[in-house]
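Please open the model in your viewer and keep the selection panel at hand. The stops below are meant to be taken in order, each beginning with something to select.

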Amino acid sequence: MKKLFTLLALLTLLAGGALSSAQDMVDYPSDLSECEFDLTGETINIYHFGDLSGPYAFITQPIVSAISDAVDYWNSHGGVCGAELAQVYEDTGGNLEATQSAYDRFTSEYGDDLDILLLYSSSDGELLREQLAEDEILSVISAGSIESLYGEDGQTPGWLFASNPLYINQFGFFCQFVADSPDIFPDPVIGFVTWPNAFGLAGTEPASAEYCAGLGVEVLPDPQLFLPTDTDILTQVQNAIDEGANILYTNSLASGPALLAGTLADLGMEDDIKLAGVNWVMDTSVGLLGQRVLKSNGLPAVDGMYGSMPFLWWTEVQNPAIQFVTQQFTANQRGPAEQNIAYLLSWGSVDIIIETIIRAVNTVGSLADMTGADAKAIVESMDYAVLGGLIQHHFAEGMRDATHNRIAVMKFANATLTGPATGPEDAMLIPDGAGGHLFVPLVLPLTDFMPVPQLRG
């Protein structure tokens, strides 16, 4: 365990330090298919767009960094089947009109070359779902809504593939964890305090409440909603508590979970009310933003928050995928805030795209002849360990989202780097560059990977 915590702390302290020698270099971890055709002289573009400056910016900005690092890595290692990599991207600021404009511009300017598109948000996926199908463009996303992946009826698989489980399935999985942990969650009553968009409301459907009730976990019928721009949610939190909630669950990210945790701490109820959410509440941004308010024990307000973890995390250093991404993160002088979910999963997305293109070109004979339909057929039949184990890419029988998940908890490292801190007196503290200090966030898996319930109907 000491090695596990030491690596994360050192990366946080020394992020950006160059590797000491060639012996430190880790080989690329994926078992990519062999290239049957030489693509020397050609370019493979990684196309993506989404919110890089709006409410999702804390999460999404490392996407560009990770793809840049992946492009540089491959181009310095002879390319993919000889082809150079490049990225083409645009910031939409979280505005759906800008999303539509970006899509129109990409399809107009890049035409037949645009076979695969990386998206960021469920709302963008819902907007573009039918257009992607009409234009036969395969799209990859880390997590999508029921509508974006399966249509309004929840039963029609589209051209968008998500590497995380649906949020409603993540919520059902959390209810399983709650039901199996009566010592942590006695007489559980869950209240949603969440954002009012497609992402925020996922999991509030009647099917999830019915499933959880069958496990003995009550879910309040009315979610308490707040905007990503809100800075005061005392009323929403108090309403949920007054209605009986002793667990607050959120589909928000970055500032959202931090605001929720800070509000509970301000109320002096952090020991009485548990906090949880989808995989994004485990992000590094939450661990950093959640330090603006401290609990009564002196640790950041988000200490002890539960969330989904359907992929490997930075602390699981025994895995070659984490070793490799950590190596690239450090070699490219990335900062602590970039050591997040998006950086990890973007390396995974590039790996998926590369493997898909190699297999498709092997089938059709050339990059120019590859179509989005070819890429979709490959992905639908693929059973692939992304980056050698970061996530499993498998979409059999019409699935468009991942089927396995874990529960994790956010903690903060102690000063000896051997486990979580119990308070500021035994915590690892590092300079924040502004005369203060930061606690070192940890994300600790609590369960093994297990199948999620299928709750979309």
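Helices, of type H or I with at least four residues, and strands, of type E with at least two, are DSSP runs that are numbered from the N terminus. With those names in place, select Glu 136, which lies in the loop between α4 (122-135) and β4 (138-141). Bear in mind throughout that this is a predicted model.

**Two positive phi angles**

Most residues other than glycine have a negative phi. At Glu 136, phi is near 55 degrees, a positive value in a residue other than glycine, and the residue is partly exposed, with a relative accessible area of 40%. Go next to Asp 187 in the loop between α6 and β6 (189-194), where phi is again positive, at about 45 degrees, although the residue is not a glycine. Is Asp 187 buried or exposed? Its relative accessibility is 66%, and because exposed means over 50%, Asp 187 counts as exposed.

**Strand β1 and its partners**

Now select β1 (43-50) together with strand β2 (residues 84-91), to which β1 is joined by eight bridges, the two strands running parallel. Label Thr 43 and you will find it standing opposite Glu 84 in β2. If you follow the chain from β1 through α2 to β2, you trace a β-α-β crossover that is right-handed. Add strand β3 (residues 116-118) to the selection: two bridges join it to β1, and this pairing is also parallel, with Tyr 47 opposite Leu 117 in β3. Six of the eight residues of β1 are buried, so the strand is largely enclosed by the rest of the structure.

**Aromatic pairs**

A search of the whole structure finds 29 aromatic pairs. One of them is formed by Tyr 28 and Tyr 73, which are stacked, with 5.7 Å from centre to centre and 20 degrees between the planes. This pair links distant parts of the chain, since Tyr 28 is in the loop between α1 (2-14) and β1 (43-50), while Tyr 73 is in helix α2 (residues 57-75), 45 residues apart. Tyr 28, at 14% relative accessibility, counts as buried, and Tyr 73, at 10%, counts as buried too.

Move on to Phe 177 and Tyr 306, whose ring centres are 5.9 Å apart and whose planes meet at 50 degrees, so that the pair is tilted. Why does this pair tie together parts that are 129 residues apart in sequence? Phe 177 lies in helix α6 (residues 167-179) and Tyr 306 in strand β11 (residues 306-308), so the link runs between those two elements. Phe 177 is buried, with a relative accessible area of 11%, and Tyr 306 is buried at 9%. To see the wider setting, show the side chains of Phe 171, Phe 174, Phe 177, Phe 185, Phe 192, Tyr 249 and Tyr 306, which ring pairs link into a cluster.

**Helix α6**

Keep α6 selected and draw a distance between its end C-alpha atoms: they are 18 Å apart, which agrees with the 18 Å that its 13 residues should span at 1.5 Å a residue. Eleven of the 13 residues of α6 are buried, so the helix is largely enclosed by the rest of the structure. Among the buried residues are Tyr 167, Asn 169, Phe 173, Cys 175 and Val 178.

**Charges over rings, and a polar contact**

Select Trp 159 and look over the face of its ring, where Lys 376 lies at 5.0 Å from the ring centre. At Tyr 150, the charged end of Arg 456 sits over the ring, 3.6 Å from its centre. Then choose Ser 366, in the loop between α13 (341-364) and α14 (372-381); at 18% relative accessibility it counts as buried, and its side chain makes a polar contact of 3.0 Å with the side chain of Asp 369.

**A last distance**

Finish at Glu 134 in helix α4, which counts as exposed at 67% relative accessibility. Where does His 404 stand relative to Glu 134? The two residues are 270 residues apart in sequence and 30 Å apart in space, C-alpha to C-alpha.

Terms used. Residues are numbered from 1 along each chain as its sequence is written. This is a predicted model: local features need pLDDT of at least 70, side-chain atom pairs count only at pLDDT 80 or more; totals for chains, interfaces and linings use all residues. Side-chain values use heavy atoms; hydrogens and water are left out. Rings of Phe, Tyr and Trp (its six-membered ring) pair if their centres lie within 6.5 Å; planes under 30 degrees apart count as stacked, over 60 as edge-to-face and the rest as tilted. Buried means under 20% relative accessible area, exposed over 50%, partly exposed in between (1.4 Å probe, protein chains only). A charge sits over a ring if NZ of Lys or CZ of Arg is within 6 Å of the ring centre and within 35 degrees of the ring normal. The expected span of a helix is 1.5 Å times one less than its number of residues. A polar contact is a pair of N or O atoms within 3.5 Å; within protein, one must be able to donate a hydrogen and the other to accept it, and residues adjacent in sequence count only if both atoms are side-chain atoms. Two strands pair if DSSP finds at least two bridges between them. A crossover is right-handed if, with the strands pointing away from the viewer, the path from the first strand over the helix to the second runs clockwise.
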